[in-house]
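Here is a friendly note to read alongside the structure. Take a moment to turn the model around before you start on the points.

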Amino acid sequence: MDTVLVSIVSVLGTVAGAGLTAFIAARSERRRQAAQDTAEQRTRMHELRVEHQRWRRERRHGTYLAFLEALSAADRANQEHFHHMRATPPGEVLDGQRLSEIRQLFKAAEAVGHAVLLEGPDDVAEAALGLLLRLSSLVRDIREYALAHAASHDRLDDHGTVCHENGMAFIAEHKAFLGIARAALDEVIEVV
């Protein structure tokens, strides 16, 4: 009888040990799987963030480039008109069509500038706004010069000097925008 009792206790101990081992193994497997799922989820989130940053950078690059191209078109037309007037004697009839074309080109640059304001970041948006305001001022100055030129105004040289100074300020603002935009595009955003 002692032998049977010892056998029963041994079998029960073996079964209890096997059950406990299976329970601990299942618990460890669940923890390992949860840790692996968490690591995979973090990797997926990291990949999504990297992809979003790449998309954002490409979108900003395209927007900045379109803005610069629109600004250049407006500035080029504005400069051509100014240089044309400087080369002709005062009193020439005001070229309203050309002024309208310059205004339309400025409005196109302004529309693309709104996209830059939305795309950001803040320092680029601020620089873009400053550049738009500078170009607006320059367009206005050259329009005033055109009016003075058509009226053979005696202070034509003063108007020309103002246009030249504001043109140089526009160039400086343009250069500053390029630096800020380039820095924003080169910025490495830390992935949390």
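The points below go from the overall fold to one helix.

1. Please keep in mind that this is a predicted model. The protein has four helices and zero strands, and reading along the sequence gives the pattern α-α-α-α. The radius of gyration is 36 Å, whereas the globule rule gives 16 Å for 192 residues, so the protein is more spread out than a compact globule.

2. You can check that outline by eye. Along the principal axes, the C-alpha atoms of the protein fill a box of roughly 135 × 25 × 15 Å.

3. Which residues touch which? Take the contacts in the protein with a separation of 6 or more: 83% of them join residues that are 24 or more positions apart.

4. Now for the surface. About 12800 Å² of the protein is exposed, and carbon and sulfur atoms supply 59% of that area. Of the 192 residues, 26% are buried.

5. Charge comes next. The protein carries 23 positive and 28 negative side chains. The centres of these two sets lie 6 Å apart.

6. Finally, look at helix α4, which covers residues 156–186. How far should its 31 residues span? At 1.5 Å a residue the expected span is 45 Å, and the end C-alpha atoms are 45 Å apart, so the two values agree. Among the buried residues of α4 are Leu 156, Phe 170, Phe 177 and Leu 185. Its buried residues also include Gly 160, Gly 167, Cys 163 and Asn 166, along with Ala 181 and Ala 184.

Note on methods:
Residues are numbered from 1 along each chain as its sequence is written. This is a predicted model: local features need pLDDT of at least 70, side-chain atom pairs count only at pLDDT 80 or more; totals for chains, interfaces and linings use all residues. Side-chain values use heavy atoms; hydrogens and water are left out. Helices (H or I, at least four residues) and strands (E, at least two) are DSSP runs, numbered from the N terminus. The radius of gyration is taken over C-alpha atoms; the globule rule is 2.2 Å times the number of residues to the power 0.38. Buried means under 20% relative accessible area, exposed over 50%, partly exposed in between (1.4 Å probe, protein chains only). Contact means heavy atoms within 4.5 Å. Accessible areas come from the Shrake-Rupley method with a 1.4 Å probe; for residues, only the protein chains shown count as cover. Lys and Arg count as positive and Asp and Glu as negative; His and the chain ends are not counted. The place of a charge is taken as NZ of Lys, CZ of Arg, CG of Asp or CD of Glu. The expected span of a helix is 1.5 Å times one less than its number of residues.
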